[in-house]
Amino acid sequence: MTTPGSPKRRIPSALEKATRGERSIHPALVPGINVADTGAKFPTNKIVFAVALTFSLAVFIWAVVSPTGINEVGTTMQGWVVENFAWFFGALVVAIAIFMFVIGLAPTGRIPLGPDDSEPDYSTTSWISMLFAAGLGIGLIFYDPMEPLIHYITPPPGSSLEAESSGLVTQAIAQAILHQASLAWPIYALVGGSIAYASYRRGRLPLISSLFEPVFPGGNNRVPGRIIDTFAVLVTLFGTATSLGIGALQIQTGTSIVTGRDVSGDTFLIIAITILTVIFIFSAVSGVKKGIRMLSNANMVLVVGLTVFALLAGPTVFLLDLVPATLLTFFDGLPAMLTVYPSEGEAEKVFLQSWTTLLWAWWISWSPFVGMFIAKISRGRTIREFVIVVALVPSGISMIWFIIFGGSTIWQHRYGEGLEIRAPVRT
């Protein structure tokens, strides 16, 4: 018989306290317990589901009844946030990047995201493919050719170079890399690593509210935890809906250009969104180990194939010259790009509202969804391996992609017949 004070009882008790966030065991000394081994059940929270569904339907009805009204309110709110909190978003993304590399390179980096004897669920190649596919997809195809050209035609604030000048080429691509292919990944790493550590090392439920367990003990079933989870659902929903809409518009515009036929209209968009939804459902139902891994590996093959094709079929030497030149411009100009603030003038405020601050907010809105997926596929990795790969590898691949495709677009605009930006631009 085990008495309450016996050693056998004290060990499970200590683990239970560690799982709940109590500081009876130092985090580095916790032997690790997977949430799957705790016997915990986590069915759909009906309250969170009902509140998120009600709010989403209300916004949907508002958009249908008064699209102009919701656009005006959204634009006003966006402008207010940029004017008053651009500094916060800028400081936040920089702080997140610094924090992730500190914990990754410090002794804490040796802690595995799982029990001490856990092994990774996926090969490194499949893991990187799924990371890349989860974090960036439509953004690469949609904004990679377009955003560098926009900044080339209209120089970003702080640039002393003339529009469409040769010296502006690398600066325009570097600005796009800042927005699309750099600081988004530390944000994903923070959320994904936190969920993986909490669920696979501390035995907590895989919910955003579990990250606040030390602050709100038992928060999963309390009001603060439900508010956090509801908010996570909403930001994920609206962030995903934006990307899905961008993808459908891109398919519509591309089809019109390739076929020479006008396919504008809601019918085509509905068909495109339906096809994208079917593919999503297929991958989700098939599971991570089958459908999602298969699509991610195929996606990586297509990315490499398209990149090699664009490099060899385009201005090869020009693009190869751009690789080191753009990377040097990016790192050299990073402080200047991060210190543009709305109080400088109207041009800076509009630029931040249309690009930098909007994109920081967009990546943060994506982080619960992407972070949850990254946590799922990263079980068994050490914190150091997780941080280095998640923060640097997909970002490095994206940088090369932006240089090659963004450089090709600028080349065609300069030396070809000129390109027309037909895709909708953020306003």
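Here are a few questions and answers to help you find your way around this predicted model.

Q: Which element of the chain has the highest mean pLDDT?
A: Let's start with confidence: the chain as a whole has a mean pLDDT of 83, and 86% of its residues reach 70 or more. Among its elements, helix α1 (residues 7-20) has the lowest mean, 47. At the other end, with a mean of 95, stands helix α11 (residues 316-338).

Q: How many contacts beyond four places in sequence does the model have for residues 1-12?
A: Take care with this stretch, since pLDDT stays under 50 over residues 1-12. Residues 423-427 are also below 50, and that stretch has 17 contacts beyond near neighbours in sequence. For residues 1-12, the number is six.

Q: Are helices α6 and α13 roughly parallel or roughly antiparallel?
A: The axes of α6 (residues 168-180) and α13 (residues 356-377) come within 9 Å and cross at roughly 30 degrees. Angles under 35 degrees count as roughly parallel. The crossing angle therefore makes α6 and α13 roughly parallel.

Q: How many charged residues are in the contact of α6 with α13?
A: On the α6 side you will find Q175, L178, H179 and Q180, and on the α13 side T356, L359, W360 and W363. These divide into four nonpolar and four polar residues, and the number of charged ones is no more than none: no charged.

Q: Which helix gives the largest share of the largest nonpolar core?
A: This core has 78 residues, of which I177, Y188, F386 and V390 touch the most other members. I177 also has contacts with residues including F330, M399 and F402. The largest share of the core, twelve residues, comes from helix α14 (residues 383-415).

Definitions and conventions. Residues numbered from 1 in each chain as written. Predicted model: local features only at pLDDT ≥ 70, side-chain atom pairs only at ≥ 80, totals over all residues. Heavy atoms only, no water. Axes fitted to C-alpha atoms, helices over the stretch in contact; angles between N-to-C directions. Helix = DSSP H or I, 4+ residues; strand = E, 2+ residues; numbered from the N terminus. Parallel < 35°, antiparallel > 145°, perpendicular 65-115°, else oblique. Contact = heavy atoms within 4.5 Å. Nonpolar A, V, L, I, M, F, W, Y, C, P; charged D, E, K, R; others polar. Core = buried A, V, L, I, M, F, W, Y, C linked by side-chain atoms within 4.5 Å. Buried < 20%, exposed > 50% of the residue type's maximum accessible area, 1.4 Å probe, protein only. pLDDT = per-residue confidence, 0-100.
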